[in-house]
Amino acid sequence: MSLGGAFEKARAEGRPLIVGCMPAGFPTVGESIASMIAMVESGIDVIEVELPYSDPVMDGPVIQKASDIALANGVRTRDTFRIIEAVAETGAPVALMTYWNPVERYGVDAFARDLAAAGATGMITPDLIPDEAGEWLAASDAYRLDRTFLVSPSSTDARIAMTLRHCRGWVYATALMGVTGARDAVSSEAPDLVARIRAIDPEIPVGVGLGVRDGAQAAEVGGYADAVIVGSALIRRVLEAPDREAGLAALRELGADLAKGSRSAQR
């Protein structure tokens, strides 16, 4: 299913999508594929595969630790494409989240080509702004990939409008200032930011990330967002598990809780 199709289906059901994030190759390539498939089977709608990177400026300690483990175990960019291909075979939309330096080193056009060939819907670029994205805009057009840029509570309305014009598929609204990580309460700034986005472009789907840790919070965020993005809470389940099977069971448990939360969101 395309990402656009997933958003349409969720809207028809009156609920938000749940987007679950997991670093490629954490802790190994095979185990990361198993984790992501378990997430899909538990009810998570979209998988956000993160390309491990040595300087993840937006990521909090949980994702940083998982990415460090993946890198130490030898994951490479081509492994990430193989992981995307395996997870996309489940039928769930798969998007890549990556910092820009690995894309630039690989070659922007070649990266877009191989990303599309792997079956990804598109790419989230946390440290690339539209003003500096000429090569990516051209490559994503050439290979028909979605492009997701970020907006934050500090973005001006003019900045948001410019960013939305360059997004395709959906926009990523960071719900708070700072790095990622599950929190006891979701950001009070998020509803205002989503309202500002919708005032500028009522049609573009809005995903809200940074902080959601359980189904109750997913239901809260899903009351105003089109997609609820969850990363650290899922990754922590794998980090803290005593073995692989326990980690998969914990992932399935949280995934089911998040899916239940999405269906109880008051929209």
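Which residues are linked with K9 in a network of salt bridges? The network joins K9 to E13, R15 and D45, and a search of the whole structure finds 16 salt bridges. The structure described here is a predicted model, in which the mean pLDDT of the chain is 93 and 95% of the residues reach 70 or more. The points below go through confidence, the nonpolar cores, one helix, the charged pairs, the backbone and the cysteines.

**Confidence along the chain**

- Although the mean pLDDT of the chain is 93, there is a stretch, residues 177–185, over which pLDDT stays under 50.
- For residues 177–185 the model has 32 contacts beyond four places in sequence.

**The nonpolar cores**

- The largest nonpolar core has 69 residues, and the members that touch the most other members are M22, L115, W136, I197, V208 and L234.
- A second core, separate from that one, has 17 residues, including L3, A6, M58 and M97.
- When residues up to four places away in sequence are not counted, V208 touches A173, A175, A190, V194, V221, Y224, A225, A227, V228 and I229.
- I197 has its place in helix α9, which covers residues 190–200, and with a relative accessible area of 0% I197 is buried.
- Again leaving out residues up to four places away in sequence, I197 touches V151, I160, L164, V171, A173, I204 and V206.
- The C-alpha atoms of I197 and A161 are separated by 7.8 Å, while along the chain these two residues are 36 residues apart.

**Helix α4 and its surroundings**

- Helix α4 consists of 12 residues, 77–88, and because each residue should add 1.5 Å, the helix should span 16 Å, which agrees with the 17 Å between its end C-alpha atoms.
- The buried residues of α4 are D79, T80, F81, I83, I84 and V87.
- These buried residues pack against the helices α2 (29–42), α5 (100–106) and α6 (108–118), and also against the strands β2 (46–50) and β3 (94–97).

**Charged pairs**

- Side chains of opposite charge can pair when their charged atoms come close.
- Within helix α4, D79 forms a salt bridge with R82, and the closest N and O atoms of the pair are 3.6 Å apart.
- Because D79 and R82 are 3 residues apart in helix α4, they are separated by about one helical turn.
- D79 is buried, with a relative accessible area of 18%, whereas R82, at 45% relative accessibility, counts as partly exposed.
- R198 and D226 meet through their side chains in a salt bridge with an N to O distance of 2.7 Å.
- This pair links distant parts of the chain, 28 residues apart, with R198 in helix α9 and D226 in the loop between α10 (215–222) and β9 (227–230).
- R198 counts as partly exposed at 27% relative accessibility, while D226 is buried, with a relative accessible area of 4%.
- Another salt bridge brings together the side chains of E240 and R236, at 3.8 Å from N to O.
- E240 counts as exposed at 59% relative accessibility, and R236 is partly exposed, with a relative accessible area of 30%.

**Points of interest in the backbone**

- The peptide bond that joins F26 and P27 is cis, with an omega of about -10°, and P27 lies in the loop between β1 (17–23) and α2.
- R144 is not a glycine, yet R144 has a positive phi of about 55°.
- The loop between α7 (134–142) and β5 (146–148) is where R144 lies, and R144 is exposed, with a relative accessible area of 76%.

**Cysteines**

- A disulfide is a covalent bond between the sulfur atoms of two cysteines.
- The structure holds 0 disulfides.
- C21 is in no disulfide, and the nearest cysteine sulfur, that of C167, is 18 Å away.
- Because the sulfur of C167 is 18 Å from the closest cysteine sulfur, in C21, the two are too far for a bond.
- C21 counts as buried at 4% relative accessibility, and C167 is buried, with a relative accessible area of 10%.

Conventions. Residues are numbered from 1 along each chain as its sequence is written. This is a predicted model: local features need pLDDT of at least 70, side-chain atom pairs count only at pLDDT 80 or more; totals for chains, interfaces and linings use all residues. Side-chain values use heavy atoms; hydrogens and water are left out. A nonpolar core is a set of buried Ala, Val, Leu, Ile, Met, Phe, Trp, Tyr and Cys residues joined through side-chain atoms within 4.5 Å. Buried means under 20% relative accessible area, exposed over 50%, partly exposed in between (1.4 Å probe, protein chains only). Contact means heavy atoms within 4.5 Å. Helices (H or I, at least four residues) and strands (E, at least two) are DSSP runs, numbered from the N terminus. The expected span of a helix is 1.5 Å times one less than its number of residues. pLDDT is the predictor's confidence in each residue, from 0 to 100. A salt bridge is a side-chain nitrogen of Lys or Arg within 4 Å of a carboxyl oxygen of Asp or Glu. A disulfide is a pair of cysteine sulfur atoms within 2.5 Å.
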